[in-house]
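Q: Please take a close look at one part of this model for me: start with a charged side chain and work outward from there. I'm at the bench, so plain explanations would be lovely.

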Amino acid sequence: MKTVLSGIRSTGHLHLGNYFGALRNFVQLQHKAKCYFFIADLHSLTTHPKPVDFHSGVKTILSEYLASGLDPEKSTLFVQSSVPQVCELYVLLNMLTYKGELERTTSFKDKVRLNPDNVNAGLLTYPVLMAADILVHRADWVPVGKDQEQHLEITRLLARRFNKLYEVPVFPEPEAYNFGSDLVKIPGLDGSGKMGKSEENGIYLVDDQKTITKKVMRAVTDSGPVVPGSPMNPGVANLFTILGVVSEPEVVRYFREQYDNCTIRYGDLKKQLAADICRHTLPIKARIEEIYNNGPYLKYVIEKGTEEARTSARATMELVRDAVGFKSF
Ligand code: TRP
């Protein structure tokens, strides 16, 4: 059976795009592969989050994952910092990674530009830590978005380099797992890019009805099709895309006809869209809250996942230490 691994940073919330996109596919993948889903709390430290908020951020993402259908009986759910072998492998991989390779990474250059006062070494070696996350479980498949593809390339390079230097095939080269046409892309509400690019363009699973309605009503549209058959404004097209995911086909058809014959009132479309989004997300929101407040359950999930993750990581590190030449006296 193939091994799949995916990490998510511990700051922020899951949005509609995560839910109807990757998460839906993760839920299916759980039946087909050995899945590791973890919260990359170490990676989050590059921006120095406050300790008081740190744990609740981790707990939030875990609750949101569980409420969205990740099943601790099928998958291994854990927190990165609880698996010390990740850090051990990170040190060893750092010795095989060249400064120039890391400086050329697009994500690093972007962060330097955005935050010139916090160019720390952790930021530079972020891809090495990510490689350690993946290689410590000898994962075969890593579902990654466009922004993480380059990091996965570095992981593949390090796997090859390690195997070659130590002349043992310890690491498989992980492949980018592509959901293909199964991956629904949810656009943001601001008429540009995908959901989650900025705080305001997204609808989060924890948003309440009032917030969702307000965000949808504020979404970018135009003043209506001026000439029948003229190309659809991107903001309007985005609303139709989301409608296509959350609403019944008759509803989509109804508004599409109204659009085509130029009688559409965007206020009505938005009201319907907000109601249909709520129909999906409000039950999940309730589940998130229930799970978040169920301390014993979260403890059970994390203890189980941590044990599984450590067992897998320990087995890899035995091979790694042996390959490098560490020996006990
Ligand atoms: N860097 C990833 C992101 O920002 C999160 C992540 C950390 C990750 N380690 C990983 C993703 C390993 C996949 C595999 O989205």
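A: In this predicted model, E308 is partly exposed, with a relative accessible area of 26%. That label applies because 26% falls between the limits of 20% for buried and 50% for exposed. Its partner is K304: the two form a salt bridge whose closest N and O atoms are 2.9 Å apart. K304 is also partly exposed, at 22% relative accessibility. Why do K304 and E308 sit about one helical turn apart? Both belong to helix α14, residues 295–324, and they are four residues apart there, so about one turn separates them.

Elsewhere, salt bridges with shared partners join E153, R156, R160 and E173 into one network. One of its links is the salt bridge between E173 and R156, with 3.3 Å between the closest N and O atoms. This pair links distant parts of the chain, as R156 lies in helix α9 while E173 is in the loop between α9 and β5, 17 residues away. E173 counts as partly exposed, at 32% relative accessibility.

Helix α9 also holds R161, which forms a salt bridge with E101; here the closest N and O atoms are 2.6 Å apart. R161 is in α9 (residues 149–166) and E101 is in helix α5 (residues 99–103), so this salt bridge ties together parts that are 60 residues apart in sequence. R161 is partly exposed, with a relative accessible area of 24%. As a reminder, side chains of opposite charge can pair when their charged atoms come close. The count for the model comes to 17 salt bridges.

Now let's move outward to the strands. Strand β2 covers residues 34–40, and six of its seven residues are buried, so β2 is largely enclosed by the rest of the structure. It pairs with strand β1 (residues 3–9) in the parallel sense over seven bridges. Between them, helix α1 (residues 16–29) completes a right-handed β-α-β unit. β2 also runs parallel to strand β3 (residues 76–79), joined to it by four bridges. I39 is a handy residue to follow here: I8 stands opposite I39, and I39 in turn stands opposite V79 in β3.

These strands bring us to the ligand. Among the residues around it are L5, G7 and R9, along with F38, A40 and H43. The list also includes Y126, M130, D133 and I134, and it is completed by V142 and Q148. For polar contacts, look at three side chains. R9 has a polar side-chain atom 2.7 Å from an oxygen atom of the ligand. Y126 places an N or O atom of its side chain 2.8 Å from a ligand nitrogen. D133 has a polar side-chain atom 2.7 Å from a nitrogen atom of the ligand. Taken alone, the ligand exposes 360 Å², and the protein buries 92% of that area. β1, β2 and α8 (126–135) are the elements giving two or more residues to the shell around the ligand. Of these, α8 gives the most, with four residues.

How values were computed. Residues are numbered from 1 along each chain as its sequence is written. This is a predicted model: local features need pLDDT of at least 70, side-chain atom pairs count only at pLDDT 80 or more; totals for chains, interfaces and linings use all residues. Side-chain values use heavy atoms; hydrogens and water are left out. A salt bridge is a side-chain nitrogen of Lys or Arg within 4 Å of a carboxyl oxygen of Asp or Glu. Buried means under 20% relative accessible area, exposed over 50%, partly exposed in between (1.4 Å probe, protein chains only). Two strands pair if DSSP finds at least two bridges between them. A crossover is right-handed if, with the strands pointing away from the viewer, the path from the first strand over the helix to the second runs clockwise. A residue is near a molecule or strand if one of its heavy atoms lies within 4 Å of it. A polar contact is a pair of N or O atoms within 3.5 Å; within protein, one must be able to donate a hydrogen and the other to accept it, and residues adjacent in sequence count only if both atoms are side-chain atoms. Accessible areas come from the Shrake-Rupley method with a 1.4 Å probe; for residues, only the protein chains shown count as cover.
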